[in-house]
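Got the viewer open? Load the model, set it to cartoon, and we'll walk through it stop by stop.

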Amino acid sequence: MKVIVRVKFLIIFVFLLCLKAFGQNNEFDYKREITGIKDQWHRIELPIETMNNLYHGFNELRIIGITRKKDSVEVPYFLNHLQDKTILLDIPFNVINSSYTKKGYYVTLEIPKDGDINRIKLNFDEKNFDWRLKLEASQDQLNWFTIEDDYRILSIKNQDTDYQFTDINFATARYKYFRILVKKVKDPKFLSAKISSIQENKGNYRAYKIASLDSSENTELNTSVYEIQMTDQVPVSSMTISLDANYDFYRPVSIEYLSDSTKTEKGWRYRYRTLLNGTLSSFEDSRYDFKSTLLKKLRVKIYNRDNQPLNIEKFEVGGFSYEIIARFDELAKYYLFYGSEKAQKPSYDLQYFKAKIPTELKPLTLGAEQKIEKIIPAPKEPFLKNKLWLWAVMIVIIAMLGWFTFKMMKSK
């Protein structure tokens, strides 16, 4: 029994020795001192400069404090995305009248309860149309006030395209009756409507600087390609495309970002991932919102089919700020650490109790970025670097294992 214990001890010793010899460092590359801590709860807004040195996103962020006893304390936190918050409230209504005159088709909607309204979505059985609308409102059906006139809705459905725009968006209004006129149409095959109130709580939006913009034409696929290089690595969640066109257009568009690059014998290979597949159209705003993604390079493809390329004036790229909500329980000198290729996403109990966190939090200040100097030992020959030493250790281990085995067999 003692022999087995000795063998196990020997194996564990060799494993730890090799682990120490070949282990890798998991330290962070950068840190910033955190100042202004007075309460238990605080918030820290992340500057753009910090994001430039993140390898795999926000998961590698850590807040670590050093106490007077030189003990380290890790602070629990969660990341708060300061984006717009949209509340969509459906408003009940009744269709009380539909008729046709020489002007077109009328439908009247009654709102039983007072409420703010800023969108009406229409649904027709017709699949292909291009119509103009007039939207009016009234409190008594005697005096009508124009809200929108010559408003355009459109539907295209064929083998190549399935596109529909039937939302009437207008400034917030409060009336008991709304009347829609589909101009010069006898029977649009009206099916239903949906009345909504859209309320938006604005977040902390940032417009980011673009370092360079390159464009090219793929004549074989008749596709316009735009490569956008950002000045910094930033969390992007929206893009606006400004065009110079005095005619109607409808083009499929895709927005991608550079997710990885690999150097090969034939040069660099770039891997892009799709952020959004949508439509660039003269009927809607050319702002596109998608999931916030940390990136530094974008690629936009506009599929022209048999049409001439569009005249793009500029691209605007933006996103919303991030902040850290953290709880400081001990007196210490705290730092924000980041820049680690191996750090995993932390798991704190804090994420399950967000409702108990105070709403008014004082912001903290981050100091200048400090490059963490790695401790490099004095150059000397490691014990296991020489292959002769390694072979010698292996021979000794094999000999000892053989001797222990022989002794066990002899004892039996």
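Start with the whole chain: of the protein's 412 residues, 38% count as buried (under 20% relative accessible area; exposed is over 50%, partly exposed in between; 1.4 Å probe, protein chains only). Before going on, note that this is a predicted model, where local features need pLDDT of at least 70, side-chain atom pairs count only at pLDDT 80 or more, and totals for chains, interfaces and linings use all residues. Residues are numbered from 1 along each chain as its sequence is written, and side-chain values use heavy atoms, with hydrogens and water left out.

Colour by secondary structure and you get three helices and 27 strands (DSSP runs numbered from the N terminus: H or I of at least four residues for helices, E of at least two for strands). Switch on the surface: about 26,700 Å² is exposed, with carbon and sulfur atoms supplying 51% of it (Shrake-Rupley, 1.4 Å probe).

Next, select E323, in strand 23 (residues 322-327). Is E323 buried or exposed? It's buried, at 7% relative accessible area. Draw a C-alpha to C-alpha distance to I44: 5.3 Å in space, though the two are 279 residues apart in sequence. Leaving aside neighbours within four places in sequence, the contacts of E323 (heavy atoms within 4.5 Å) are R43, I44, E45, L46, F78, L79, N80 and L82.

Now for the largest pocket, about 820 Å³ of space. Pockets here are open sets of points on a 1 Å grid over the protein atoms alone, where a 1.4 Å probe fits, with protein on both sides within 12 Å along at least five of seven lines; lining residues have an atom within 4 Å of a point. The volume is the space filled by probe spheres set on the points, which are joined across faces, edges and corners. Select R119, E200, D285, R287 and D289, which lie nearest the centre among the 28 lining residues. Two or more lining residues come from each of strand 9 (117-124), strand 13 (167-173), strand 15, strand 20 (267-281) and strand 21 (287-303). Strand 21 gives the most, with six.

Last stop, two loops. K189 sits between strand 14 (177-183) and strand 15 (190-201); its phi is near 60°, positive in a residue other than glycine. K189 is partly exposed, at 41%. Then jump to N222, between strand 17 (210-218) and strand 18 (223-243), which also isn't a glycine yet has a positive phi of about 50°. N222 is partly exposed, at 22%.
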